[in-house]
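Visitor: I'd like a close look at a single part of this one. Could you put it up so we can go through it together?

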Amino acid sequence: MLQQIYWWFVSLFMSDFWEFPALLLGARRCPVCGRFRRSVRRSRRSTAYCDDRLNFIVCCDDCYEREEDYWADMWSDYYSGCM
Ligand SMILES: [Zn+2]
């Protein structure tokens, strides 16, 4: 019984049920981590793809920080390989 209630809460939490109230609060679902955040926006990545659409990412602040760290590492590896 308790487990049933637990799964009910879990499935409710994972569902799109929160999408509408979240939108009212100005939050959007982050496509990267799947959480509802108010900080979700389109930002420029530290990449230089020829197709400029690939140089943007839609995500929340947390994911953007992780993304920046990742590319900062990639670029420092790239430059240390050039020298
Ligand atoms: Zn995110």
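Visitor: Let's zoom in on V40: does V40 count as buried or exposed, and why?

Guide: Before we zoom in, two bits of housekeeping. Residues are numbered from 1 along each chain, as its sequence is written. This is a predicted model, so local features need pLDDT of at least 70 and side-chain atom pairs count only at pLDDT 80 or more, while totals for chains, interfaces and linings use all residues.

Now to your residue. V40 counts as buried because it has 22 C-beta neighbours inside 10 Å. The cut-offs go like this: a residue is buried if 20 or more other C-beta atoms lie within 10 Å of its own, exposed if 12 or fewer, and partly exposed in between, with C-beta atoms placed from the backbone. As for its address, V40 sits in the loop between β2 (36-37) and β3 (41-44). Helices and strands here are DSSP runs, numbered from the N terminus: H or I of at least four residues for a helix, E of at least two for a strand.

Who does V40 touch? Not counting residues up to four places away in sequence, V40 is in contact with R28, C30, V58, C59 and C60. (Two residues are in contact if their C-beta atoms, placed from the backbone, lie within 7 Å.) On the other hand, L12 is 28 residues from V40 in sequence and 22 Å from it in space, C-alpha to C-alpha.

Let's follow two of those partners. V58 belongs to strand β4, and with 14 other C-beta atoms within 10 Å, V58 is partly exposed. Leaving aside neighbours within four places in sequence, V58 is in contact with P31, V40 and R42. F9, in contrast, is 28 Å from V58, C-alpha to C-alpha, and 49 residues from it in sequence. The other partner, C60, touches C30, C33, R35, R37, S39 and V40, again setting aside residues up to four places away.

V40 also has a place in a group. The largest nonpolar core is made up of six residues: C30, V40, C59, C60, C63 and Y64. A nonpolar core means a set of buried Ala, Val, Leu, Ile, Met, Phe, Trp, Tyr and Cys residues joined through C-beta atoms within 7 Å. In soluble globular proteins, nonpolar side chains tend to be buried together.

Now zoom out a little. The chain has three helices and four strands, and from the N terminus they run α-α-β-β-β-β-α. Buried residues make up 7% of the 83 residues, and V40 is a buried one. Helix α3 (residues 61-82) holds D62, which is partly exposed because it has 14 C-beta neighbours inside 10 Å. Of the 22 residues of α3, two are buried, so this helix lies largely in the open. From first C-alpha to last, α3 reaches 31 Å, close to the 32 Å expected at 1.5 Å a residue; that expected span is 1.5 Å times one less than the number of residues.

At the other end of the order, helix α1 (residues 2-14) is hardly covered, with zero buried residues among its 13. Q4 is in α1 and is exposed, with 8 other C-beta atoms within 10 Å.

What about overall shape? The C-alpha atoms fill a box of roughly 65 × 30 × 20 Å along the principal axes. The chain has a radius of gyration of 18 Å, whereas a compact globule of 83 residues would have one near 12 Å. That radius is taken over C-alpha atoms, and the globule rule is 2.2 Å times the number of residues to the power 0.38.

Last, how confident is the predictor? The average pLDDT is 89, and 99% of the residues score at least 70, where pLDDT is the predictor's confidence in each residue, from 0 to 100. Among the elements, strand β4 (residues 56-59) has the highest mean, 94, and helix α2 (residues 19-24) the lowest, 82.
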